[in-house]
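The paragraphs below lead through the fold step by step, and they are best read with the structure open alongside.

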Amino acid sequence: MKTKGNALISIIFSCVILLCIAPAKAQTPALKVQKIATDLYLLVGNGGNGAFLLSPDAVLVVDSKNDPTTASEIVQEVKKLTTAPIRYLINTHYHGDHTHGNQVFSPLATIISHQNTRDNIIRFNLPRNEEYRTSRLPQMLSEQEAKVAQLESQNSPQLQEERKRLEELKSTAEELEQLRLTPPSLTFETQCTVYLDDYTVELIYLGEGHTNGDVVVYFPQQKVIHLGDLLFHQIIPYIDVAAGADTAHWIEILNQVKQMEVETIIPGHGELTDIAGLEEFINYLSDLRQEVKKYIDQDQALEDIKENLRLPKYSHFSGYNARLSGNVEAIYWELTRGN
Ligand SMILES: [Zn+2]
């Protein structure tokens, strides 16, 4: 539990810091497949939570995870269970930990997303990845090589750890060389229904939340919904201001989801949950907005708010110490927009 939490944090933190570049394969745990309802499976590990639905004639996959290697593992896992082809891949939103495996699915399947997600992959992921691959990562590699060489000469106890870090960076570089960012081939604006034999899958866009392109994937027969990163279960979320995140509207979206006939909720990150888990997250966003507003009304400067604002009720959320202030800042800008 603890290790998994930390792994998730490192993934999300990497996402924030490295602008959603896939973290090194060596750093992440193996892919785990779990049956959660009739013909519906959860995929945990190496990126945001994924899922797939089997029908006699076709398979639908939700999100392609961190990298092509992991995406190939998803294809292998599906093949263990059925001979039906993978016909659809849904991208819940544009972040690399949900889309960097797309290239593996593109020869097999129609990749579907909201129009803004396709636009965001082109607008954000392509230039960011190129900059990271050609400039930032080579620099990090040469710095790490120099560090290891120096520790070797000193016979330092830190040597083993720093060598491991160097291997992880090399592994990331190898993955990046293989990565060909692949935008979705089919987009929609509000709603799209996919028919798989007797099953229907509803893809619904409810407006700006975690980004401006989040799609919820509803499996009505299974009473399961995949919320992408509209839900971080007991994890401090990432609020992607640059891609149009809006926490006020995010709360409205989640309140709409609460009205749906749902028994099981797949969050983008964290353990499988239900309406109670959803409510806890809605309360987190609401309480945080309320607190930030209180400090703004007292004319406190952003740096002071980041320093002073605490929400101990949510201190059990992973990333509470490291990332709460980032959430405070995002909401501060949202509330003072246009002032
Ligand atoms: Zn995300």
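This is a predicted model, and a convenient place to enter it is Asn 46, which lies in the loop between E2 and E3. The phi of Asn 46 is near 55°, a positive value in a residue other than glycine. Most residues other than glycine have a negative phi. Asn 46 is also buried, because 28 other C-beta atoms lie within 10 Å, where 20 or more are needed for that description. A similar account can be given of Lys 65, which sits in the loop between E4 and H2 and has a positive phi of about 70° although it is not a glycine. With 31 other C-beta atoms within 10 Å, Lys 65 is likewise buried.

The strands on either side of these loops belong to an open sheet of seven strands, arranged in the order E1-E2-E3-E4-E5-E6-E7, with mixed pairing. At the edges stand strand E1 (32-37) and strand E7 (186-188), and since each has a single partner strand, one side of each is left without a neighbour in the sheet. On average, neighbouring strands of this sheet are turned by 25° against each other, direction ignored. Within the sheet, strand E5 (residues 86-90) and strand E6 (residues 110-114) run parallel and are joined by three bridges; here Leu 89 stands opposite Ile 111 in E6.

Helix H2 (residues 68-81) packs on this sheet, where it touches E1, strand E2 (40-44), strand E3 (50-54), strand E4 (59-62) and E5, and the direction of H2 makes about 30° with that of E3. Helix H5 (residues 115-154), for its part, lies across E6 and E7 and runs at about 100° to E6.

Further along the chain comes another open sheet, in which five strands follow the order E8-E9-E10-E11-E12, again with mixed pairing. Strand E8 (191-196) and strand E12 (264-266) stand at the edges of this sheet, each with a single partner strand, so that one side of each has no neighbour in the sheet. The twist from one strand to the next averages 20°. Strand E10 (residues 215-219) and strand E11 (residues 224-226) run antiparallel and are joined by three bridges, and the bridge partner of Val 217 in E11 is His 226.

The remaining step concerns helix packing. Two packed helices are described by the angle between their axes and the distance between the axes. Helix H7 (residues 247-258) and helix H8 (residues 275-297) pack at an angle of about 160°, with their axes 10 Å apart; angles over 145 degrees count as roughly antiparallel, and H7 and H8 are therefore roughly antiparallel to each other. Their crossing is left-handed. Among the residues that make the contact are Trp 250, Ile 251 and Leu 254 of H7 and Leu 278, Phe 281 and Ile 282 of H8. By class, this contact of H7 with H8 has nine nonpolar, three polar and two charged residues.

H8 also packs with helix H10 (residues 320-336), at an angle of about 65° and with the axes 10 Å apart, and H8 and H10 are therefore roughly perpendicular to each other. The crossing of H8 and H10 is right-handed. H8 contributes Leu 288, Arg 289, Val 292, Lys 293 and Ile 296 to the contact, while H10 contributes Asn 327, Val 328, Ile 331, Tyr 332, Leu 335 and Thr 336. The residues of this contact divide into seven nonpolar, two polar and two charged.

Methods:
Residues are numbered from 1 along each chain as its sequence is written. This is a predicted model: local features need pLDDT of at least 70, side-chain atom pairs count only at pLDDT 80 or more; totals for chains, interfaces and linings use all residues. Axes are lines fitted to C-alpha atoms, for helices over the stretch in contact, and angles run from 0 to 180 degrees between N-to-C directions. Helices (H or I, at least four residues) and strands (E, at least two) are DSSP runs, numbered from the N terminus. Angles under 35 degrees count as roughly parallel, over 145 as roughly antiparallel, 65 to 115 as roughly perpendicular and the rest as oblique. A crossing is left-handed if the near helix is turned anticlockwise from the far one by less than a right angle, and right-handed if clockwise. Two residues are in contact if their C-beta atoms, placed from the backbone, lie within 7 Å. Ala, Val, Leu, Ile, Met, Phe, Trp, Tyr, Cys and Pro count as nonpolar, Asp, Glu, Lys and Arg as charged, and the others, Gly among them, as polar. Two strands pair if DSSP finds at least two bridges between them. A residue is buried if 20 or more other C-beta atoms lie within 10 Å of its own, exposed if 12 or fewer, and partly exposed in between; C-beta atoms are placed from the backbone.
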